[in-house]
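Student: I would like to go through this model term by term, with the reason for each label. Can we begin with strand pairing?

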Amino acid sequence: MLKGCRTQALALTAVAIGALFALSPEEAAAQNLKIVMESRLGVLDPTITGAHQSRDHGYLIYDTLLALDADQTIQPQMVDAWEASEDGKTYTFTLRDGLAFHDGAPVTSADAVASIKRWAQRDRMGKVVMENVAEITTPDDKTFVIAQKEPSDLLLTAFAKPSGMPLFVMPERVAATPATEAITDYTGSGPFKFVADQFEPGARAFYEKNEAYVPRDEPPSWFAGGKVAKVDSIERIEMRDPMTALNALLNGEVDYLQAVPLDLIPMVPTDGSIVVHQQDMIGYQIGYRFNHLNPPFDNKAVRHAAMQAIGQEEGLLAQFGDPQFFQICGAAFGCGLPYESDVMADLVIESDVDGAKETLASSGYNGELVRILRASDVNTSEIPLVMAQKLREVGFNVDVESMDFMTMLSRRANMGPTGDGGWSIFVTSWHNVEISDPIRSFMVSAEGKDGYAGWPTEPRIAEGVKAFQLATSEEERKQITEDMQKIIYEEGIFAPQGSFARRGGWRSNVSGVIDAPANVFWNISVDK
């Protein structure tokens with residue numbers, strides 16, 4: 001029945017969309033790439049938010065010092081070379097030739113250092129590695145030197161990490177913007193330029209090729225190698241309805257769709273006109289956080305009752321339908337990743353309604369409202385609805401409030417009680433490269449009001465992060481992460497809800513699409 005309704009809706013929207021995306025003769029002559037991403041672009045500063053919409057925007061207009069290739073090997077990007085001292089404390093970086101910002105100014109070591117310092121105030125991994133930095137100096141315009149208090153190679157990992165908040169390099173004057181304020185100057189260093197006067201929030205964003213960009217010589221691989229802009233422009237078109245977006249792709253009004261709705265894949269023609277492909281083989285972790293500041297989840301026993309009730313399978317089936325599209329996973333740091341653990345995994349995997357009722361009955365819960373924030377336009381939209389149903393089964397008073405993802409990001413900053421617009425639970429997803437260890441994962445943050453939304457306070461998490469950073473063997477790090485997972489679940493800091501991977505879609509006349517954990521648009525050509 002659902003598929004039949006969606007088919008009808010697709011047909012009804014075709015005429016309106018065709019009129020919206022008609023090309024002028026001048027536009028048709030140029031290589032223009034029209035893309036639709038999963039959720040709207042709301043924040044243009046990729047350093048003050050971990051939102052993937054802002055990250056994807058950042059990769060278009062900025063470059064990075066280091067980058068990961070498809071083998072997950074750290075490669076130089078804006079950096080030409082780096083050298084570590086014998087004691088492992090000091091790293092010297094040299095920028096490569098040909099680097100320039102969109103306004104023509106050369107990229108200097110001062111720009112790089114200013115960008116590092118601003119990024120490190122916001123990024124979780126950046127904060128950790130910078131706590132170990134004693135001094136940063138710039139001997140000349142192409143060289144910067146980072147002296148650490150203790151030997152550690154995690155500095156390179158942090159600079160190269162591709163998601164969450166990548167280390168994008170901005171002009172020094174822009175990076176001087178306080179980390180609590182969004183930038184308003186979008187002068188970048190990457191293969192495309194953001195055309196600010198054509199930005200229509202909630203409707204479209206426009207990027208043009210940076211003719212002066214000098215790519216590396218190596219072939220592109222994930223986020224490394226040559227970032228060659230092969231199209232003249234990219235138009236990011238915002239569509240809240242995934243059915244409308246798919247219809248636009250099928251009819252040729254757009255070229256690329258970040259997320260093809262999984263239940264609509266059978267409707268995609270099999271004649272080769274549309275490519276549906278899983279670009280990312282690592283995937284995303286879904287998880288939820290409680291609000292630890294206010295009732296009812298300021299009570300540890302109430303948090304445990306909720307975790308016992310929720311489980312994973314029912315929500316994943318409601319969201320993705322076919323088990324081939326998801327994986328049940330009880331590991332805080334991801335399944336199939338270096339620090340996978342089954343410690344207390346049953347608590348977050350299984351739904352134990354009877355046990356949850358007993359826990360809730362003895363917890364002191366007094367019927368306080370549980371408000372779940374639901375992002376309706378992303379690949380987690382059904383899970384909060386199932387979560388609410390499970391919580392009601394055991395006796396919780398539950399309200400689900402739906403909104404788009406960018407609105408949810410704003411709402412979840414509210415630390416107040418539900419009566420003042422606050423919330424109790426939010427569901428989100430992070431790429432598995434963003435949660436694969438305790439240094440980079442925001443979901444394990446437990447620094448109270450200074451930490452990530454949910455604001456739990458648990459000093460043992462910070463102690464574990466520090467121990468992980470300074471550990472000298474993988475065996476030691478594995479033990480640290482197992483101990484941390486136990487704390488995370490005992491204290492209800494967060495609970496994973498399994499994992500999934502998107503399927504992207506594009507027209508057959510689009511070539512050069514790069515498989516990577518985030519969507520990047522260099523190397524792509526469009527044969528009109």
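Student: Which residue in strand 7 is the bridge partner of threonine 94?

Tutor: Threonine 143 is the bridge partner of threonine 94. This is a predicted model, in which local features need pLDDT of at least 70 and side-chain atom pairs count only at pLDDT 80 or more, while totals for chains, interfaces and linings use all residues. Residues are numbered from 1 along each chain as its sequence is written, and side-chain values use heavy atoms, with hydrogens and water left out.

Student: How do you know that strand 5 and strand 7 pair?

Tutor: Strands count as paired if DSSP finds at least two bridges between them. Strand 5 and strand 7 (residues 143-148) have five bridges, in the antiparallel sense. The strands themselves are DSSP runs of E with at least two residues, helices are runs of H or I with at least four, and both are numbered from the N terminus.

Student: What else pairs with strand 5 (residues 90-95), and over how many bridges?

Tutor: Strand 4 (residues 79-84) does, antiparallel over five bridges. Valine 79 stands opposite leucine 95, and glutamate 83 has threonine 92 as its bridge partner. Five residues lie between the two strands of this hairpin, and glycine 88 takes a positive phi near 75° there.

Student: What makes the side chains of strand 5 alternate in burial?

Tutor: In a regular strand, side chains alternate between the two faces of the sheet. Along strand 5, Tyr91, Phe93 and Leu95 point to one face and are buried. Thr90, Thr92 and Thr94 point to the other face and are not buried.

Student: Why is tryptophan 222 called buried?

Tutor: Buried means under 20% relative accessible area, exposed means over 50%, and partly exposed is in between (1.4 Å probe, protein chains only). Tryptophan 222 has 9%, so it is buried. It lies in the loop between strand 9 and strand 10 (233-237), and its phi is positive, about 50°, although it is not a glycine.

Student: Why does asparagine 523 count as buried?

Tutor: Its relative accessibility is 17%, so asparagine 523 falls in the buried class. Asparagine 523 also has a positive phi, near 75°, in a residue other than glycine. Its place is in the loop between strand 20 (510-511) and strand 21 (525-526).

Student: Why is lysine 193 called partly exposed?

Tutor: Its relative accessible area is 24%, so lysine 193 belongs to the partly exposed class. Lysine 193 lies in strand 8. Leaving aside neighbours within four places in sequence, its contacts (heavy atoms within 4.5 Å) include Ile61, His102 and Tyr207.

Student: What makes strand 8 (192-194) an edge strand?

Tutor: Strand 8 belongs to an open sheet of seven strands, in the order 8-9-10-1-11-19-12, with mixed pairing. Strand 8 and strand 12 (274-277) each have a single partner strand, so one side of each is left without a neighbour in the sheet. The partner of strand 8 is strand 9 (residues 204-209), joined antiparallel over three bridges. Among its bridge pairs, phenylalanine 192 is matched with lysine 209 of strand 9.

Student: What makes the peptide bond from proline 295 to proline 296 stand out?

Tutor: That bond is cis, with omega near 5°. Proline 296 is in the loop between strand 13 (284-290) and helix 9 (300-310).

Student: Finally, the whole chain. How many helices and strands are there, and why is the chain called as compact as a globular protein of its length?

Tutor: The chain has 16 helices and 21 strands. Its radius of gyration is 23 Å, close to the 24 Å of the globule rule for 528 residues, so the chain is as compact as a globular protein of that length. The radius is taken over C-alpha atoms, and the rule is 2.2 Å times the number of residues to the power 0.38.

Student: What share of the residues is buried, and what share of contacts joins residues at least 24 apart?

Tutor: Buried residues make up 59% of the 528. Among contacts between residues at least 6 apart in sequence, 74% join residues at least 24 apart.
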